[in-house]
Amino acid sequence: MKNIFTLLVFGFVTAIVATFSGSSMTGSAVGLASASFLMPSSTGIAYMAIPIQDARSLFTKMVVAVYKEQVSTTSFLRSFFPTKETMSKEISIEVQRGFEKVAVDVERGTNGNRNTFSKSTEKSFVPPFYWEYLTANEHRLYDVAIGMRDSNSFSELASQTAMDLFALRQKIERAYELQCSQVFDTGIVQLNAGVNIDFKRKAASLVDLSANPWTTGTNDPYKDLENGAKFIRQVGKSQGGVYNVIMGSKALSAFLSNTIVKERADIRNFSLDSVRAPQRNSVGGTLHGEVT
C-alpha cells in the first residue's frame, strides 16, 4: 500500500511539473489519468491529493529550521487593578465620598453638630464579552495531516492548533491591558459591542501640558508632578506619600533632558533625586528612579 501511494504522489508531481514546463494539456491529463489508474479500487480507499509544496518535501526539499514568533502580553497596567471574579451578568461599583472635615467644639449644654452620611452613588454595567475562536479544518496544516496520513502530521496539527489557541488567549489579555490604559488616560473604557464604561473622572484630573512642554527647559516638571500629587492627596483623599508616575518614552526623555531637572540632580551635598539604571519591577514596566 505504501508503494502504491508513493507512485500516486510521483504521478501527481509528474503531472504538475509537465504542466508548468509548457507541456500540452494532453500530457497533463495522461499524468493524472495514470495516477488515477494506480489507485486501488477493490479496497475502496482513495487518497487525497496534497499541495505541490507538501509533495515536494518528500523528494527535493527539507526544512532545517523553524522560527515561530510568539509575542507575550505585558501585564504592567493590570498590576494597579485588583482582580475580582463573580458569576453574575452585571456588576456594580458603589462609591461613597469621604471628607476631611475638622470637628468644632461647642458650648456645654447646647446642641451638638449633626452629621449626615447620605450621599453615595452606584453604577451598574455589563462587562465586555470576548469570544475568539478558530476552525480546525481551515488550519494551514490540515491538508498536510489529512493528505499525508502520518501520525507525526496529526501531532503537529494538534500542537499548532494548541499554540494558535494560546495566541487567541493573548488577544484577550491585551484587551484587558488596553482597558486599563483607557481608565488611566480618559477614565472611559471604549467598547466595540456595548455601552462604554465611564468611571466619571474629574475634569481637573485630566491636565494637558502640551502648551508647556518639558522640552523647553523653562517649564518645571517638578511643579507639574507636585500639582498632580496634591490633587491625588487633597481631592482623591489618598493617604500615601509615594506616587507612581507612568511616563511614555517621549515624556521620560523630556524629563531627563530638562534643564531644571539636570541642575537639581547635580547638587552634591544632598540627594533629592535618584535616577539609576532601569530596573524591571513588573512585566511591561521599568523603574527608572525616584524624585522628591
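The following paragraphs describe how aromatic rings meet one another, and meet charged side chains, in a predicted model. Local features were accepted at pLDDT of at least 70 and side-chain atom pairs at pLDDT 80 or more, while totals for chains, interfaces and linings use all residues. Residues are numbered from 1 along each chain as its sequence is written, and side-chain values rest on heavy atoms, with hydrogens and water left out.

Rings of Phe, Tyr and Trp (its six-membered ring) were paired if their centres lie within 6.5 Å; planes under 30 degrees apart count as stacked, over 60 as edge-to-face and the rest as tilted. This rule gives 8 aromatic pairs. In one of them, F81 and F184 are tilted, with 5.4 Å from centre to centre and 55° between the planes. F81 belongs to the loop between helix 3 (52-56) and strand 1 (91-95), and F184 to helix 5 (residues 151-185), 103 residues apart. Here helices (H or I, at least four residues) and strands (E, at least two) are DSSP runs, numbered from the N terminus. F81 and F184 also join F76 and F80 in one aromatic cluster.

Y222 and F255 provide an edge-to-face example, their ring centres 6.1 Å apart and their planes at 70°. Y222 lies in helix 6 (residues 221-234) and F255 in helix 7 (residues 249-257), so this pair ties together parts 33 residues apart in sequence. Both Y222 and F255 are buried, where buried means under 20% relative accessible area, exposed over 50% and partly exposed in between (1.4 Å probe, protein chains only).

Y222 has a charged partner too: R264 lies over its face, 3.8 Å from the ring centre. Such a charge counts if NZ of Lys or CZ of Arg is within 6 Å of the ring centre and within 35 degrees of the ring normal. Likewise, the charged end of K101 sits over the ring of F99, 5.3 Å from its centre.
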